[in-house]
Amino acid sequence: MADVLQSVDVVTIGVGLTGTMAALELGKLGLKIVGIESGAPRETVPDFQSPAIHDELRFSIRKAMMQDNVKQTVTFRNSSDQTALPIRRWQSFLPGTGLGGSFVHWNGQTYRYQVADFIYKTHLAERYGANFVEQCGPELIVQDWGVTYDELEPHYDRFEYLLGTSGQAGNINGQIVPGGNPFEAPRTRGYPTPPMKEPYFGAIFRKGADSLGYHPYPQPSSNLSQPYTNPEGLELGQCVFCGFCERYACEHFAKASPQTTMLPVLLKMPNYELRTNCQVLKINLDSTGTQATGVTYADATGHEYEQPANLVLVTAFPLNNVRMLLVSGIGKPYNPTTGEGVVGRSYSYQTTGGATVFLDESININPYMASGANGTVIDDFGGDNFDHAQLGFIGGQYVGAIMTSGRPIENHPTPSGTPAWGLEWKQAVARHYNHTILVGQYGTSTSSRLNYLDLDPTYKDAWGMPLLRMTFDFPENDIRMSQYIADKVVQIGQAMGGTSIIRGGTTRPYTTTVYQTTHNAGGAIMGADPNTSVVNRYLQSWDVHNVFSLGGSAIPQNAAYNLTDTVGALTYWALDAIQNQYLKSPGPLVPK
Ligand SMILES: Cc1cc2nc3c(=O)[nH]c(=O)nc-3n(C[C@H](O)[C@H](O)[C@H](O)COP(=O)(O)OP(=O)(O)OC[C@H]3O[C@@H](n4cnc5c(N)ncnc54)[C@H](O)[C@@H]3O)c2cc1C
Ligand code: SF4
């Protein structure tokens, strides 16, 4: 029997990026807020300090910062005629746990989406005709978001200034700015801090891309190029290129994270209470099923509590958001046979790939001197920046030299044909370690009727709740897109002076055994129609008006770019609606 606690105004399920943003924003209004986080508390000092934080075996290989698979994982299969099995060790994507969530061990690559991404269905129909998507793949699902880039722009701006993002603007109020990305959507002002210094591998990529007429620019980075004080009054340091960024926390206060940009302010608020090592089991509903009454959670001993709340914010990472809605019975689950239902529908990912470019021994890359987001990229093949009319696919990828580390266990590129072990392998590693550049491809993942999330009928977590089941493979459309761009990447590699090149590009079947990206998206998508979306344009549940699901789960189909800048903008957008509309008159913000 759960102990019933005193009611509060707001509860957040998870205290990662979105949970911290929500609590800080609503806490400023004086609301009583409880943040329930399944992982442990942690701070830059002492938890993220050297030498312990630079332990490659512990953090990269054994995944010390990730959700504990023994307690809770995801089951996986490529198609619905297979039996899903639990992912026993995270590889393909790495959901985090602990105060600050995945936003502690992220890379910091900070992209906005484009104007067309938010009106993707309308845009593609206008540019290529109403049947084009169907011709590219009858299983594809493409939707507009119900919110536009212009509506989100102030919130993007605010989020980037919270983080202190370092970058070179390419388009300010419609004016193309030399040195930036000429394809980017218009922004109202430049980045808060200047771009990172270009690394040598970035300069070599720039030269190659330039020679082919492309438009290289510095990747926007939330590893900071210089010290910065954010609007919350918190001071961030300058990145020292330690090479232990993704999968690690920053010891230098130089990577934007909840710890560096928000938590010191939030944790001082008397109206905020953080409860760590507590797992939310479900959202409780009243007898009508249309209003949440709070959440039930278990503490570290397994003791259960009921936390009543007026407003429940699901801020648990996209996959966990979807699972929380499913186990709580909020929204109609997606049925892939009939196409009806919405929760779990339109799960998408991100396509990745790229070429390994081996260079002459006289060219020293020094890959260990790196940060999570430092690099040079081109957007010439991003999204719909190039004409798709004759190509038979939709979508695109940005391409760039973004070498995030030269850590010894993970990084030892060798040319094709090299044995996988022994003397010859060692000699090849010694020859190529310092003379190889990885040119990556990162891009769109189109939603499909065949890909979805639901509750596993067999496997349960440590608390007896069903695991989330993922049914996913890349649609053929996305493979055609990625392989088309892989050819362009090989040409760039040749222009960079590559002596040999391993060609990349996304392939099928999708596997969970190789790291690709943690940009899991969709499953509880936003939209203008309750028949095809789980939350409305303000990320409010269509079915239970005092539940808002914040995060990448709202994204209808993943655009080319890493999604967190958009997650931040959407979160501020939703919080603005909660503050200025919902709290004044609680109820559905959009009629059903
Ligand atoms: C290795 C890696 C690299 C990345 N690099 C980039 C990048 O370069 N650029 C980019 O744009 N994005 C990147 N990301 C993605 C970025 O980290 C996420 O988009 C962002 O953190 C998502 O915020 P969130 O609030 O949805 O989830 P999180 O920040 O993960 O927070 C969710 C929190 O909820 C908690 N939680 C989950 N379930 C429960 C429950 N039942 N009860 C209580 N608490 C719960 C979790 O423990 C976690 O702390 C990267 C992610 C990873 C893992
Ligand atoms: S690379 Fe820079 S931002 Fe990343 S952890 Fe190291 S010092 Fe911090």
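This passage walks through a predicted model of one chain and its two ligand sites.

Start with the overall build. The chain holds 14 helices and 26 strands. Its C-alpha trace spans about 70 × 55 × 50 Å along the principal axes. A compact globule of 592 residues would have a radius of gyration near 25 Å, and the chain comes in at 23 Å, which agrees. As for burial, 55% of the 592 residues count as buried. Contacts reach a long way along the sequence, too: of those joining residues at least 6 apart, 75% link residues at least 24 apart.

Now for the inside. The largest nonpolar core takes in 155 residues, and the members that touch the most others are Val 312, Ile 437 and Val 439. Helix H14, residues 564–582, gives this core its largest share, with nine residues. Val 312 shows what such a position looks like up close. Setting aside neighbours within four places in sequence, Val 312 is in contact with Val 11, Ile 283, Ala 292, Gly 294, Val 295, Asn 546 and Val 547.

Ligand 1 comes next. Its shell counts 40 residues, with Gly 14, Gly 16, Gly 101, Asn 107 and Thr 564 the closest. By class, this shell is made up of 23 polar, 14 nonpolar and three charged residues. Helix H1 (17–27), strand S13 (279–285) and H14 each put at least two residues into the shell. H1 makes the largest contribution to the shell, three residues. H1 is itself mostly covered, with 11 of its 11 residues buried. The buried stretch includes Thr 18, Thr 20 and Glu 25 alongside residues such as Leu 17, Met 21 and Leu 24.

Ligand 2 has its own set of neighbours. Here 14 residues make up the surroundings, and the closest are Asn 223 plus four cysteines, Cys 239, Cys 242, Cys 245 and Cys 250. The class split for this shell is nine nonpolar, four polar and one charged.

On to the strands. Strands of a sheet pair through backbone hydrogen bonds, in either the parallel or the antiparallel sense. One open sheet has four strands in the order S5-S4-S23-S22, and its pairing is mixed. S5 (85–86) and S22 (452–460) sit at the edges of this sheet, each pairing on one side only. Five bridges join S22 to S23 (residues 466–471), and this pair is antiparallel. Within the pair, Lys 460 stands opposite Pro 466 of S23.

Strand S19 (residues 397–401) is another strand worth a look. Five of its five residues are buried, so S19 is largely enclosed by the rest of the structure. In a regular strand the side chains alternate between the two faces of the sheet. In S19, Gln 397, Val 399 and Ala 401 point one way, while Tyr 398 and Gly 400 point the other way, and all are buried. S19 runs antiparallel to S18 (residues 376–378), to which three bridges join it. S19 also pairs in the antiparallel sense with S20 (residues 436–443), over five bridges. Gly 400 figures in both pairings: Val 377 stands opposite it, and Gly 440 is its bridge partner in S20.

Helix H11 (residues 318–328) is also well covered. Because 10 of its 11 residues are buried, H11 is largely enclosed by the rest of the structure. Among the buried residues of H11 are Asn 320, Asn 321 and Arg 323, together with Val 322, Met 324, Leu 325 and Leu 326. Right after H11 comes Gly 329, with a positive phi near 70°.

Finally, there is a loop residue to point out. Asp 144 lies in the loop between strand S6 (140–141) and helix H7 (149–163). With 20 other C-beta atoms within 10 Å, Asp 144 is buried. Neighbours within four places in sequence aside, the contacts of Asp 144 are Phe 118, Ile 119, Tyr 120, Lys 121 and Thr 122. Asp 144 and Ile 555 are 411 residues apart in sequence, yet their C-alpha atoms are 9.8 Å apart in space.

Note on methods
Residues are numbered from 1 along each chain as its sequence is written. Chains are lettered from A and ligands numbered from 1 in the order in which they are written. This is a predicted model: local features need pLDDT of at least 70, side-chain atom pairs count only at pLDDT 80 or more; totals for chains, interfaces and linings use all residues. A nonpolar core is a set of buried Ala, Val, Leu, Ile, Met, Phe, Trp, Tyr and Cys residues joined through C-beta atoms within 7 Å. A residue is buried if 20 or more other C-beta atoms lie within 10 Å of its own, exposed if 12 or fewer, and partly exposed in between; C-beta atoms are placed from the backbone. Two residues are in contact if their C-beta atoms, placed from the backbone, lie within 7 Å. A residue is near a molecule or strand if its C-beta atom, placed from the backbone, lies within 6 Å of it. Ala, Val, Leu, Ile, Met, Phe, Trp, Tyr, Cys and Pro count as nonpolar, Asp, Glu, Lys and Arg as charged, and the others, Gly among them, as polar. Two strands pair if DSSP finds at least two bridges between them. The radius of gyration is taken over C-alpha atoms; the globule rule is 2.2 Å times the number of residues to the power 0.38.
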